Amino acid sequence: MRDAFVRALMREAAADPRLTLITGDLGFGVLKPFWETYPDQFVNAGIAEQGMTGLAAGLARTGRTVLTYSIGNFPTRRCIEQIRTDCAYHDANVKIVCVGGGFVYGSLGMSHHATEDMAVLRALPGVTVFTPGDPAEVEAVVPVMLRTPGTCYLRLGRGGEPMLHDAPVTDWTLPRALTLRQGTDVALLSAGGILTQTVSAARLLQEQGVSAEVVSFPCLKPIDREKLMELAGRFRHLVTVEEHSIVGGFGSAVCEVIAETGMPCRVHRIGMEDVYSCIVGTQQYLRGQYRMDDRAICERTLAWLAEHQ
């Protein structure tokens with residue numbers, strides 16, 4: 001997903017010299033093509049995320065579109081006051097890019113587990129939140145984000161995530177959800193890089209005789225209410241999957257919409273419970289430990305379906 005982001009960003013930078021990328025002293029391997037090609041559109045702010053965000057807000061006031069880039073919690077929670085007061089409150093054209101959402105940096109411990117970022121950024125008025133699920137969605141989302149007025153948040157995985165769409169995602173419009181797999185028994189809704197596990201879980205469910213529809217939500221805020229209402233009209237059960245706390249994140253956003261429809265539909269949330277991750281390990285290991293890998297999604301979905309037959 002990082003590589004897809006850089007590819008899309010370089011295409012946009014070629015057409016807009018006002019586009020500026022600021023890094024918090026990392027990402028040099030993946031960002032090297034950008035700074036070598038557009039040195040006048042690149043700044044290393046050092047390990048000073050609050051200052052980086054204030055700098056971005058100031059540059060945005062000069063007519064630039066500015067992106068801040070760092071890992072996990074650092075461009076978000078560490079500088080939430082600057083995002084809120086310097087950027088969002090003033091509708092500054094700042095795009096916050098987090099690489100390593102969820103458990104990507106799992107071996108580095110709780111300080112690097114980004115499991116509250118979507119809830120925090122979603123709560124800020126005027127902030128648009130993007131949660132693409134694979135490289136194809138990233139390349140579709142980036143140009144839309146750069147043309148979206150005001151402050152935006154882009155949550156990425158890391159690198160090496162597989163392409164889950166059969167073809168490039170073209171003509172994507174905000175906030176359209178994307179269906180990857182049709183189904184008739186249950187709908188699995190996903191936000192972010194956990195889409196790999198959601199698609200795999202649908203295959204496991206198919207082996208158990210359950211037809212699961214898979215829908216990715218590349219935009220969390222605003223969320224595709226029209227799609228949610230359509231799904232609630234077709235399915236008795238919606239399962240939300242996020243590599244994030246279930247408090248205030250994607251599942252909460254879905255529940256808010258469904259609760260207002262009055263439709264007889266149950267929403268089941270898969271993600272981090274109301275706890276901090278105190279375990280270290282690979283991303284996939286932590287997904288298994290916190291019951292959000294493909295096997296756990298399958299098993300929990302089967303249990304919910306059996307419980308409410």
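Okay, one bit of vocabulary before we start: a crossing of two helices is called right-handed if the near helix is turned clockwise from the far one by less than a right angle, and left-handed if it's anticlockwise. Keep in mind, too, that what you're looking at is a predicted model.

So, helices. In this model, α3 passes α4 in a right-handed crossing. Who makes the contact? From α3 we have Q50, T53, G54 and A57, and from α4 there's Q82, I83, D86 and C87. Sort those residues by character and you get three nonpolar, four polar and one charged.

Now the geometry. Helix α3 covers residues 49-60 and helix α4 covers residues 80-87. Their axes come within 9 Å and cross at roughly 15 degrees. Anything under 35 degrees counts as roughly parallel, so that's what we call α3 relative to α4.

Let's move over to the sheet. It's an open one with seven strands, and if you walk across it you go β2-β1-β3-β4-β6-β5-β10, with mixed pairing. At the edges sit β2, residues 42-44, and β10, residues 219-221, and each of those pairs on one side only. On average, neighbouring strands here are turned by 20 degrees against each other, ignoring direction.

Quick reminder for anyone rusty: strands of a sheet pair through backbone hydrogen bonds, either parallel or antiparallel. Which sense do β1 and β3 use? Parallel, over five bridges, with β1 spanning residues 19-23 and β3 spanning residues 65-71. If you want a spot to click on in the viewer, try L21, which stands opposite L67 in β3.

Technical notes
Residues are numbered from 1 along each chain as its sequence is written. This is a predicted model: local features need pLDDT of at least 70, side-chain atom pairs count only at pLDDT 80 or more; totals for chains, interfaces and linings use all residues. Side-chain values use heavy atoms; hydrogens and water are left out. Axes are lines fitted to C-alpha atoms, for helices over the stretch in contact, and angles run from 0 to 180 degrees between N-to-C directions. Helices (H or I, at least four residues) and strands (E, at least two) are DSSP runs, numbered from the N terminus. Angles under 35 degrees count as roughly parallel, over 145 as roughly antiparallel, 65 to 115 as roughly perpendicular and the rest as oblique. Contact means heavy atoms within 4.5 Å. Ala, Val, Leu, Ile, Met, Phe, Trp, Tyr, Cys and Pro count as nonpolar, Asp, Glu, Lys and Arg as charged, and the others, Gly among them, as polar. Two strands pair if DSSP finds at least two bridges between them.
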